[in-house]
Amino acid sequence: MAKGELPEFISAERIAERVRDLGRAVSDDHADAAELTVVCVLNGAFIFTADLVRQISVPCRLEFIRASSYGALRSSSGTVSLAHDFDFDLEGRSVLLVEDIIDTGLTLSSIVDELLRQKPASLKICTLLDKSSVRKIPVLANYTGFTIPDFFVAGYGLDVAGLYRDIPFITVPES
Ligand code: PRP
């Protein structure tokens, strides 16, 4: 389907407004920190992270990790593939983990376990979207953009078999 024909589920304007709110909340909560280490979960969170860090007033150090559980599927495979060769050290740091979406919670809980091993001073989680109704593992974000029903969504970084990440809004693609 052509980009212009995709239905808007959450518009670019609503996302931008919410990202500003989230940036303010993160900034307020970390006002005393000299810097914040922001860990972006690739691939899906790349656009959200790019927009979010520009709304955070605390100096941000960007790190990236790659996780994948969906592949070309529309539901979680149940197996999270994590790149384990983290080339950063979080010990003693204030950390913000940024996800595009939490569904089952499998990806996030695997990542959180890994990051906590590095003994950060604090670890908070920010997600743009939360499908809390399909959770299999109880993980909770400190900052959430939108809680959504169990729709398959794409756009603003989220893909359908590799496509649609470049759509500036959140859409519900046809099945
Ligand atoms: C998506 C999304 C989250 C995860 C959430 O990643 O970016 O990381 O799934 O699902 P869960 O809560 O059920 O684990 P995906 O595996 O699609 O990889 P991608 O980010 O590269 O698209």
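Reader: What makes helix 3 of this predicted model largely enclosed by the rest of the structure?

Author: A residue counts as buried under 20% relative accessible area. Helix 3 spans residues 106–116, and 8 of its 11 residues are buried, so the helix is largely enclosed by the rest of the structure. The buried residues are Leu106, Thr107, Leu108, Ser109, Ile111, Val112, Glu114 and Leu115.

Reader: Which strands do the buried residues of helix 3 pack against?

Author: They pack against strand 1 (36–42), strand 2 (60–68), strand 3 (81–82), strand 4 (94–102) and strand 5 (122–130).

Reader: What places the buried residues of helix 2 on the same side of that helix?

Author: The buried residues of helix 2 are Phe48, Thr49, Leu52 and Val53. They cover an arc of only 115° around the axis, and therefore lie on the same side of helix 2. Their cover includes helix 1, strand 1, strand 2, strand 4 and strand 5.

Reader: Which residues have the most contacts inside the largest nonpolar core?

Author: This core has 25 residues, and those with the most contacts inside it are Ile15, Phe48, Leu52, Leu96, Leu128, Leu129 and Ile170. Two or more residues each are given to this core by helix 1 (12–29), strand 1, helix 2 (46–53), strand 4, strand 5 and strand 6 (143–147). Helix 1 supplies the largest share, 4 residues. Another core, of 18 residues, lies apart from this one, and includes Val39, Ala67, Leu90 and Ala141. In soluble globular proteins, nonpolar side chains tend to be buried together.

Reader: What is Ile15 in contact with, leaving aside its neighbours within four places in sequence?

Author: Ile15 is in contact with Ile10, Leu128, Phe146, Tyr156, Pro168, Phe169 and Ile170.

Reader: Why is Tyr156 called buried?

Author: Tyr156 has a relative accessible area of 6%. The cut-off for a buried residue is under 20%, so Tyr156, at 6%, counts as buried. Tyr156 is found in the segment after strand 6.

Reader: What makes the pairing of Tyr156 with Asp51 a polar contact?

Author: The side chains of Tyr156 and Asp51 make this contact at 2.6 Å. The distance limit for such a contact is 3.5 Å, and the value of 2.6 Å therefore satisfies it.

Reader: How many disulfides are there?

Author: The count is 0 disulfides. Cys40 is in no disulfide, and the nearest cysteine sulfur, that of Cys126, is 11 Å away. A disulfide requires two cysteine sulfur atoms within 2.5 Å. For Cys126, the closest cysteine sulfur is in Cys60, at 11 Å, which is too far for a bond.

Reader: Are Cys40 and Cys126 buried or exposed?

Author: Cys40 counts as buried because its relative accessibility is 0%. Cys126 is likewise buried, with a relative accessible area of 0%.

Reader: Which residues come nearest to the ligand?

Author: Of the 18 residues around the ligand, Ser69, Glu99, Asp100, Thr104 and Thr107 come nearest. A polar side-chain atom of Asp100 lies 2.6 Å from an oxygen atom of the ligand. Polar backbone atoms also lie by ligand oxygen atoms: that of Asp103 is 2.8 Å from one, and that of Asn43 is 3.1 Å from one.

Reader: How many residues apart in sequence are Tyr156 and Asp103?

Author: Tyr156 and Asp103 are 53 residues apart in sequence and 16 Å apart in space, C-alpha to C-alpha.

Note on methods
Residues numbered from 1 in each chain as written. Predicted model: local features only at pLDDT ≥ 70, side-chain atom pairs only at ≥ 80, totals over all residues. Heavy atoms only, no water. Buried < 20%, exposed > 50% of the residue type's maximum accessible area, 1.4 Å probe, protein only. Contact = heavy atoms within 4.5 Å. Core = buried A, V, L, I, M, F, W, Y, C linked by side-chain atoms within 4.5 Å. Arc of directions from axis to C-beta. Near = heavy atom within 4 Å. Polar contact = N/O pair within 3.5 Å; in protein donor to acceptor, adjacent residues only side chain to side chain.
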